[in-house]
Amino acid sequence: MKTVPIPEFNGIRDELKKTFDSRKTIPLEYRKQQLAQVAYMVQENAEAFKKAIHQDMLKPYLESTLAELGPVVGQAVRAIQNLEKWTADEPLPEDETDRFHKGWDLKTVRTPRGVVLIIGPWNYPMILTLGPLIGAIAAGCCAVIKTSEVAPHFAELLLDLLPKYLDSSAYRVITGSVPEITALLDLQWDMIFYTGNERVGSIVAKAAAKYVTPCTLELGSKCPVIIDDKISPEDLKIAVRRIAWGKTQNAGQVCVSPDYAVVPKTIYNEFIKLYKAAIESFFPDGAEKSDSYARIINESHFKRISGLIGKTKGDIALGGKSAVRDDGFFIEPTLVTDVKRDDALMQDELFAPVLPVITVKDLDEAISFVNTLPSALSVYLFSTSDESKKKVTQLTRSGQVVFNETYGQLGVYELPFGGLGASGYGSQMGRHTFEGFTLKRGSIDVPYGIEPMFGFRYPPYTQQGADVFDQMYQLPVPIPKQSVAEAAVGDITDKIKHVMAL
């Protein structure tokens with residue numbers, strides 16, 4: 001794979017800093033043109049991008065179009081269309097402005113963070129590299145893009161194409177593996193955007209801490225699928241089809257892939273039956289022969305997944321086959337039943353087309369089980385009950401809560417997408433990616449004409465001035481005071497009500 005020599009990294013970063021300091025990337029027309037160039041690069045080289053991604057992991061062309069090329073062009077166009085709105089100053093509403101600050105022109109202004117580092121993953125190498133780049137361009141930043149060495153065909157293509165479309169004094173691509181990323185993390189950046197696993201995310205965060213550099217970390221997690229015990233037979237059929245679709249996208253190598261299913265005992269057998277039927281309908285001649293099913297990215301991940309299937313103490317109700325083929329590493333869509341919390345499949349994110357099934361009594365037990373694992377990127381609930389939706393929203397922790405769908409939230413550009421705890425921090429998608437690369441600066445403009453109001457703040461201090469400022473902490477509190485004993489009684493009462501509700 002073509003690489004940029006490590007000794008050149010410092011010079012590249014300095015060149016981009018010089019460009020940023022020149023304010024070249026600040027004018028909105030410049031940003032719009034660079035955003036347009038991203039879209040043109042994808043449109044004019046669509047087949048080359050699809051082919052490169054296919055060569056790396058045998059990802060079906062339709063999946064690349066749906067989840068890679070289409071979203072990149074869409075995000076670039078939306079950024080162009082909304083740039084004036086995103087970058088506009090935000091005056092503080094009058095009803096939120098303290099009476100002492102009237103006339104001070106209180107507002108929030110946005111400025112780009114500077115020269116940023118974007119570290120992309122291999123599983124969706126295009127959208128998860130160019131998506132953050134679009135946000136950085138829209139914000140007015142300069143950027144170095146580090147592609148994943150695990151997807152070499154895409155990395156080399158982007159290395160070749162980007163300088164043909166974008167301003168090389170502001171945007172550069174660097175390929176390579178551990179030595180290259182280590183060298184890049186030794187440099188000082190104004191922000192780092194990393195997509196990948198928790199282990200490397202922790203390394204990135206530690207490196208950033210040396211310079212107190214802000215980060216967005218979009219990490220993996222075990223995203224649970226909860227089936228409400230109140231679901232109707234008709235809705236269950238649709239639900240299982242959507243779960244199976246989300247699980248088999250890119251052969252399960254997706255950060256928001258349904259990692260495990262929590263199913264009530266009353267519909268457990270029907271769930272298994274419907275899941276088998278969904279997989280058969282997707283791949284009538286078997287997934288191994290289908291051109292609609294991707295391969296595992298490399299031998300290391302193949303051995304990891306095969307090992308997990310071999311170690312599980314659950315029952316393999318569907319699939320389980322693995323094979324090294326001429327076209328890549330194949331793992332069959334697999335359903336594992338009777339899985340317990342201590343099973344090998346439940347320890348880490350699977351990142352595989354393997355779905356463990358946990359049986360529970362009801363929704364409350366499902367929520368309790370989910371809460372034994374670290375916070376996920378997404379929690380999925382299939383239910384039409386407003387009460388159940390509210391309960392899952394309030395009693396679980398995750399970056400997103402998604403009802404009656406899997407995977408589809410990645411196409412909703414209007415809402416923030418990000419993690420919590422072990423699944424990362426910061427957010428992206430559309431304007432939210434732009435906001436991550438932007439510094440919000442509070443701005444005030446204090447009139448000279450109100451100088452008489454400031455007389456009491458200047459030395460020598462007087463009692464009269466102290467009396468005036470004492471009023472600041474003597475504001476009436478709108479909620480009555482509560483004693484410690486009253487709070488304890490209220491807590492006990494709430495617990496009794498909760499138990500009775502169960």
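Is Thr 337 buried or exposed? At 5% relative accessibility, Thr 337 counts as buried, where buried means under 20% relative accessible area, exposed over 50% and partly exposed in between, using a 1.4 Å probe and protein chains only. Before going on, note that this is a predicted model, in which local features need pLDDT of at least 70, side-chain atom pairs count only at pLDDT 80 or more, and totals for chains, interfaces and linings use all residues. Residues are numbered from 1 along each chain as its sequence is written, and side-chain values use heavy atoms, with hydrogens and water left out.

Back to Thr 337, then. This residue sits in strand S13 (residues 334–337); helices (H or I, at least four residues) and strands (E, at least two) are DSSP runs numbered from the N terminus. Leaving aside residues up to four places away in sequence, Thr 337 touches Tyr 268, Ile 272, Gly 314, Asp 315, Ala 317 and Val 357, a contact being heavy atoms within 4.5 Å.

Now zoom out. The protein chain has 16 helices and 20 strands, and its C-alpha atoms fill a box of roughly 85 × 65 × 35 Å along the principal axes. Of the 502 residues, 50% are buried. Take the contacts between residues at least 6 apart in sequence: 72% of them join residues at least 24 apart. On the outside, the chain exposes about 24400 Å², with carbon and sulfur atoms supplying 55% of it; these areas come from the Shrake-Rupley method with a 1.4 Å probe, and for residues only the protein chains shown count as cover.

For a look at the packing, try helix H7 (residues 178–185), where Glu 180, Ile 181, Ala 183, Leu 184 and Leu 185 are buried. The buried residues of H7 pack against several elements, among them helix H1 (9–21), strand S4 (142–146) and helix H8 (198–209).

The aromatic rings come next. Rings of Phe, Tyr and Trp (its six-membered ring) pair if their centres lie within 6.5 Å; planes under 30 degrees apart count as stacked, over 60 as edge-to-face and the rest as tilted. By this rule there are twelve aromatic pairs. One of them joins Trp 245 and Tyr 407 edge-to-face, at 5.1 Å centre to centre and 85° between the planes. Trp 245 lies in helix H9 (residues 233–248) and Tyr 407 in the loop between strand S16 (398–403) and strand S17 (417–418), so this pair ties together parts that are 162 residues apart in sequence. Trp 245 is partly exposed at 28% relative accessibility, while Tyr 407 is buried at 5%.

The rings of Tyr 293 and Phe 330 also pair: their centres are 6.0 Å apart and their planes at 70°, so the pair is edge-to-face. Here the link runs between parts 37 residues apart in sequence, because Tyr 293 lies in the loop between helix H10 (268–282) and helix H11 (299–311) and Phe 330 in strand S12 (residues 328–331). Both Tyr 293 and Phe 330 are buried, and ring pairs link them with Phe 282 and Phe 283 into a cluster.

What about disulfides? A search of the whole structure finds zero, a disulfide being a pair of cysteine sulfur atoms within 2.5 Å. The sulfur of Cys 223 has its closest cysteine sulfur in Cys 255, 7.1 Å away, so the two are too far apart for a bond. Cys 223 is buried at 0% relative accessible area, and Cys 255 is buried at 10%.
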